[in-house]
Amino acid sequence: MTLTKGRRSFIIGCGCTAFIKPRGQRTTEDMGLEAATKALLDAGITYDLIETAYVGHCFGDSTSGQRALYNVGMTGIPITNVNNNCSTGGTALYQANNCVRSGLVECALALGFERMAPGSLGTNFPDRPSPVAPFSSKTQELEQVLKAGSNFGPGAPRMFANAGQEYFNKFGGDIVHLAKIAAKNHAHSVHNPYSQFRSGWTVQQVLDSPKINKQLTKFMCSPTSDGSACCIVASEAFVHAHGLENQAIEIMGMELETDDPTSFESNSAMEVVGYSMTQRCADKVFAQAGFAPGKGRDEVGVVELHDCFAANELVTYPALGLCAPDAAHKMVDNGDNTYGGKYVVNPSGGLEAKGHPLGATGIGMHFYITRAGPMQAPALFNTVDRRGKYGMTHNIGIGGAVVVSLLRRPEFYKAGGTDGRSRLGYNHGCECRSITLADVEKVKSTKWSPYILGHARL
C-alpha cells in the first residue's frame, strides 16, 4: 500500500488525566499541565522541541490553550485554540498532524481539556441563536414520520435518539440493543483506571435507569466531565533521531469532514447526526492509508468511536463500514463489538462510561488506542503481520464535523530499550497517577516563567 497526501506521521507520546464528574475541582490549566507533562515524559522530549500546538476546548475563555501550555514553557511557538463542538479534540489533533504531514514542522502537540457544568449541554451565548438550531429543528420535524412520533427531552439526546429510531424503522432492532451497547461499554470501563464510571451496569440496570426520552435512558448517555488529554505527533525523521522506534504509532490516515446538503435535504434523522458525513470521512481515511474503495475494515481490530449516546454507536457501525447498513443490531447480537468478536469497540468504556470532556475526547481516543490499546485489546498483535491490526478512532460533533483516524504500529517497530513506561515510572496505559513538580522539571522548556508555574496546583 502507498500512502497518499504528504509524508508519514507518528504519535510519539501521549498523556491523559482521569475523567471526573464536573465539580469545579480542577482548572483547565492544571489538567492541561498534567496531560502535557505525561505526553512529554512518554515521548522523552522537552517542550523545547515542540514547534506548534493546537489546543481544543469548548467551555474555556480565549487563549486558555496558552495559559495551560505556558506552564511547561514560553517558547514563542504558534499556539492555536480550537473549538469544533464535540469533535474539538479530534480537530486539534488533525491540525497538528497536518503540520507534520505537510512538512511545516517536525514535531507538533495537540492538547484538549474541558471544565464543564453538571447536566445537559447548553449554550454559553443565550443572547443569539445557536449554530446547531437548524439541526434541532430538522430532527423535530422528522419525528412526525418516525413510528415513535413526537419525542421529548434535551436537544442533543433527542437528535441521536431519533437517529436510532430511524434505524429501528428501516432495519429492525429496538431499545434493548441500545441497552446492550451501553452495558457493553460500562463493562469495558470497569478495567479503565481513567474512567468516570466503573460500575459495570447490566443490560437490565441500563433499561431501568431514568428515561431521558423515548429511546434513551440515563445510562445510555455520556455524562459531562472534566479532564484533559494530549498527543505529540512527529515525523519519521524525528522518530529515528530520538530513538522512538519502540513506541511510535503511525497515523496511517486522518481526515476531517463537515456536512453537505444531505444532512438537511434527505429528510433523514440519521443524516442530521452525520451518518453520511462519517461515511465519507471513513472512506477518505482508508483511501489515504492505501486501501481500495470499500476495503480495509477487516484489518481493523480495535475501535474507539463517539458513543455520546448508545444510539450513535449503533448507527456509526455501518457508517464506518464495520457492517452492512442493515446489520448494526445484528452486530450487537453477535457480540462483534466486544472481546471475542470481530472488533473490540470502545475498550475504554466509551464516552458513556469513560466520560466526555469535549475538548479532550478525540485526543483521549488516541491515547487509548496507542497506549492502553494493547492492554485492552491484546489480540491486536496476534497476526502474521508484525505490525498487527489497525486501530480506528471516530470523533463527531453536531454542527458539524467528524474526525476519523487509522493507526498502526510501523514496520520499523523495535522492541526493548527505554520507553515511556520507564520515563514515567509506571505503565500509564494501565494505571492513572498524578504528576509532580519533579515531572514538570524534566520536560519544561529552557524558557519558562517561575511566575506562571508557581500558580500551578499539582
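**Exercise 1. Place Thr88 and list what touches it.**

Start with burial. Thr88 has 0% relative accessibility, so Thr88 counts as buried. Buried means under 20% relative accessible area, exposed means over 50%, and partly exposed lies in between (1.4 Å probe, protein chains only).

This is a predicted model: local features need pLDDT of at least 70, side-chain atom pairs count only at pLDDT 80 or more, and totals for chains, interfaces and linings use all residues. Residues are numbered from 1 along each chain as its sequence is written, and side-chain values use heavy atoms, with hydrogens and water left out.

Next, location. Thr88 sits in helix α3, residues 88-101. Helices (H or I, at least four residues) and strands (E, at least two) are DSSP runs, numbered from the N terminus.

Last, contacts, meaning heavy atoms within 4.5 Å. Not counting residues up to four places away in sequence, Thr88 touches Gly56, His57, Cys58, Val82, Asn83, Leu358, Gly359 and Asn395.

**Exercise 2. At what angle do α6 and α12 pack, and which residues meet?**

Step 1: geometry. Helix α6 (residues 175-189) packs on helix α12 (residues 310-319) at about 100°, and the axes are 8 Å apart. Axes are lines fitted to C-alpha atoms, for helices over the stretch in contact, and angles run from 0 to 180 degrees between N-to-C directions.

Step 2: name the arrangement. α6 and α12 are therefore roughly perpendicular to each other. Angles under 35 degrees count as roughly parallel, over 145 as roughly antiparallel, 65 to 115 as roughly perpendicular and the rest as oblique.

Step 3: residues. From α6 come Leu178, Ile181, Ala182, Lys184 and Asn185; they meet Ala310, Ala311, Glu313, Leu314 and Tyr317 of α12.

Step 4: classes. The contact of α6 with α12 has seven nonpolar, one polar and two charged residues. Ala, Val, Leu, Ile, Met, Phe, Trp, Tyr, Cys and Pro count as nonpolar, Asp, Glu, Lys and Arg as charged, and the others, Gly among them, as polar.

**Exercise 3. Describe the packing of α11 on α12.**

Helix α11 (residues 275-288) and α12 pack at about 40°, with axes 9 Å apart. α11 and α12 are therefore oblique to each other. The crossing of α11 and α12 is right-handed. A crossing is left-handed if the near helix is turned anticlockwise from the far one by less than a right angle, and right-handed if clockwise.

Now the residues. α11 gives Tyr275, Thr278, Gln279 and Ala282; α12 gives Val315, Pro318 and Ala319. By class, the contact of α11 with α12 has five nonpolar, two polar and no charged residues.

**Exercise 4. Describe the crossing of α4 and α5, then the loop residue Phe152.**

The axes of α4 (residues 133-142) and α5 (residues 155-171) come within 10 Å and cross at roughly 40°. That makes α4 oblique to α5. The crossing of α4 and α5 is left-handed. Phe135, Ser136, Thr139 and Gln140 of α4 meet Arg158, Met159 and Asn162 of α5. The classes in the contact of α4 with α5 are two nonpolar, four polar and one charged.

Phe152 lies in the loop between α4 and α5. At 40% relative accessibility, Phe152 counts as partly exposed. Leaving aside neighbours within four places in sequence, Phe152 is in contact with Arg158, Ile212, Asn213 and Lys214.

**Exercise 5. Which residues of the largest nonpolar core touch the most other members?**

Define the set. A nonpolar core is a set of buried Ala, Val, Leu, Ile, Met, Phe, Trp, Tyr and Cys residues joined through side-chain atoms within 4.5 Å. The largest has 61 residues, and Tyr317, Met392 and Leu406 touch the most other members. A second, separate core of 38 residues includes Ile12, Leu33, Ile50 and Phe412.

Follow Tyr317 further. Tyr317 is among the α12 residues that meet α6. Cys323 also contacts Tyr317, along with Pro318, Ala328 and Met331, leaving aside neighbours within four places in sequence. Cys323 is in the loop between α12 and α13 (328-333).

**Exercise 6. Find the backbone exceptions.**

Most residues other than glycine have a negative phi, and most peptide bonds are trans.

- Asn85 has a positive phi, near 55°, and lies in the loop between β3 (79-82) and α3.
- Asn267 has a positive phi of about 55°, in the loop between α9 (262-265) and α10 (269-272).
- Gly399 and Gly400 are joined by a cis peptide bond, with omega about 5°. Gly400 is in the loop between β9 (390-397) and β10 (401-408).
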